Amino acid sequence: MSAPLDDIADYSAFVYALVERHPFVTSSTLALAPIGATLAKLEGRIECQGGIHLEVWELIDFAARRIRTYSYEVYRGGEKICWYDSWQHPEILALAPTCPALDRGRIAERCCLSDALPFRAMNADEPAHQNPTRTASQESISAVSFAEDRAAAQERKKTYPYQFPRDSRQLGGKFCVEENARRLLRFFYIERRLMQGLGAWTLSIPEFEVKLETGRHIFYHADAARLLRERLSEQETGLKAIDAFRDAGIDRLVEELLSATSACELLVGVHQVVGRALATAYRHHIDDTDPVTDAPTIRCLRRILGDYEPMLEWADKAIAAYVQGGVDEPGLAAWRWHLQRLLASLGGVTGSDTPAEAPAPLRSVAKPFARGTVPLRDCRFETFKNTGDYDTADGQARFPQESYENLRLRFIRTQRDEVDAIEAFGTFVWDIRFKDFQSEYNLARITWDEARHTEIGHRALLACGYDPFELKNRLTGSTCRGPMEPAFAMAEINLFGEVGVLKTINDLIDTAAQRHDALLHHIADFIRSDERTHVRKGQGILKVMTELDSKALETRTRELFTECLVSLGAVKKDMDLFTVSRDDIERLVGE
Ligand SMILES: [Fe+2]
Ligand SMILES: [Fe+2]
């Protein structure tokens, strides 16, 4: 936009509205003072984003409608990086080739022909502004504007009646497509690794609330990775290259934070170190990239931050609760500092900071991380794994075996006990890592769904008048699946457990409707649609996990679960060639 030089009032309005008009200008001390009837002096300083400031001096001749003399100096971080003025600089030969048509006496002035130049969006990192020669060259392509066309355009504008909302975004950003993609690829990779890493810990988190939230967070990281992957595919990076991307430094960081000695330490690493650094990097990326040319990246990062803000807030509160409950705070602080130094040694999440010295020793070097195989519960739970049947575990029946009341309570308890399904699907995300992104993503989504089913069960028990912790928690399925090869564990939970739920849920929902049991009808309705989705997605995931055909997969799964159930005492082995039936697995292990 050109400055209006018709009179001092117009120019005052222009100068004093700079901060309001340009979001990149943070403050201005510009002062316009009249000198006689038609002259005025402008002097002051303009502060911009990115540590940039301009020192401005102008003498304006309103009779001639021009800035007669001027001096603009641009500083970054206190260091002068370029200047523009109207004086002759014959001693600076570097300016000569930029304006061959002009005489040497006007060379410097040619650098400043655009009267709007100092008010353009300044780019803190763009080298062009550090070099007066190149700046002059860019400015040498002047607009060829025909006076009558411009006047006609002005006239047409006067007839346009609408004052639409003004879009204050400006062109200009720190990144080219290549640099944008480099950063987004690192973000994608860290998100993918956090999704996998949290999955690896699902069995080993004892605290119920933390296991549930982690089930949700696995999906938040998966969805962040999906959004970044999609944007990357629009930034000259093919899906194959995105999925094949690995980074040894990030792997080292993730292996180290997974080497936490407790769930609380895990939260410190995942959320307070890496999660917080990512959220900051996303906000900086939003500020630094071009808001017009790269708007899809900004939208992508804002959507991710929508999940991050409650997730990080929850993590801070959860860690505070651990400390209040007796977890050693200095120990957590030392672990946090250790991981922060490790992250800093990689140049931060963007890889662009000056790398710091790496801390030593690393736990993950002394002992490579291996995921847990045993399902853990906190002290509020009483658990059982010697049977799959609730009445047997309880030692007495609460309701008659085939009664609706019994089926209803069994369904609700089973949902609460799907805390083991968080463990199963979360563990699969880790176990099949890097085999296929879409399968990892689908598993992450199912993990969140199972966390919801657990929440639904817990809340439904409360709504039925139970303290959920008075009802024993079934660990039979997770105990068998924990150490098992993922394809067979997946075959059990998906082909037997989830399919088994669908076999009985229609009748249950119909009966609930007939009995006006709104609670059961409501929750089972949603759970049915989730489980149908899981059975459908499971087909594709199993294909990635194994090349066995369905018959061989089912047979081997039944054999492995027979061995496990026998070892737990949940079934008696009274024949040499005995394997449990499909129905037995559906009943004793389930989802
Ligand atoms: Fe479920
Ligand atoms: Fe499910």
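**Exercise 1. Locate Leu-376 and classify its exposure.**

Step 1. Leu-376 sits in the loop that runs between helix H13 (363-366) and strand E7 (383-384); helices (H or I, at least four residues) and strands (E, at least two) are DSSP runs numbered from the N terminus. The model is predicted: local features need pLDDT of at least 70, side-chain atom pairs count only at pLDDT 80 or more, and totals for chains, interfaces and linings use all residues. Residues are numbered from 1 along each chain as its sequence is written, and chains are lettered from A and ligands numbered from 1 in the order in which they are written.

Step 2. Leu-376 counts as partly exposed because it has 18 C-beta neighbours inside 10 Å (buried: 20 or more other C-beta atoms within 10 Å; exposed: 12 or fewer; partly exposed: in between; C-beta atoms placed from the backbone).

Step 3. Neighbours within four places in sequence aside, Leu-376 contacts Leu-203, Ser-204, Ile-205 and Pro-206 (contact: C-beta atoms, placed from the backbone, within 7 Å). Glu-207 is 169 residues from Leu-376 in sequence, yet their C-alpha atoms are 8.2 Å apart.

**Exercise 2. Describe the largest nonpolar core.**

Step 1. This core has 89 residues (a nonpolar core: buried Ala, Val, Leu, Ile, Met, Phe, Trp, Tyr and Cys residues joined through C-beta atoms within 7 Å). Phe-188, Leu-228, Leu-257 and Ala-444 have the most contacts inside it.

Step 2. Domain 2 (177-366) and domain 3 (383-588) each supply at least three of its residues; the bounds come from an automatic or database domain assignment.

Step 3. Beyond four places in sequence, Phe-188 contacts Ala-225, Leu-228, Arg-229, Leu-232 and Ile-242.

Definitions and conventions:
Contact = placed C-beta atoms within 7 Å.
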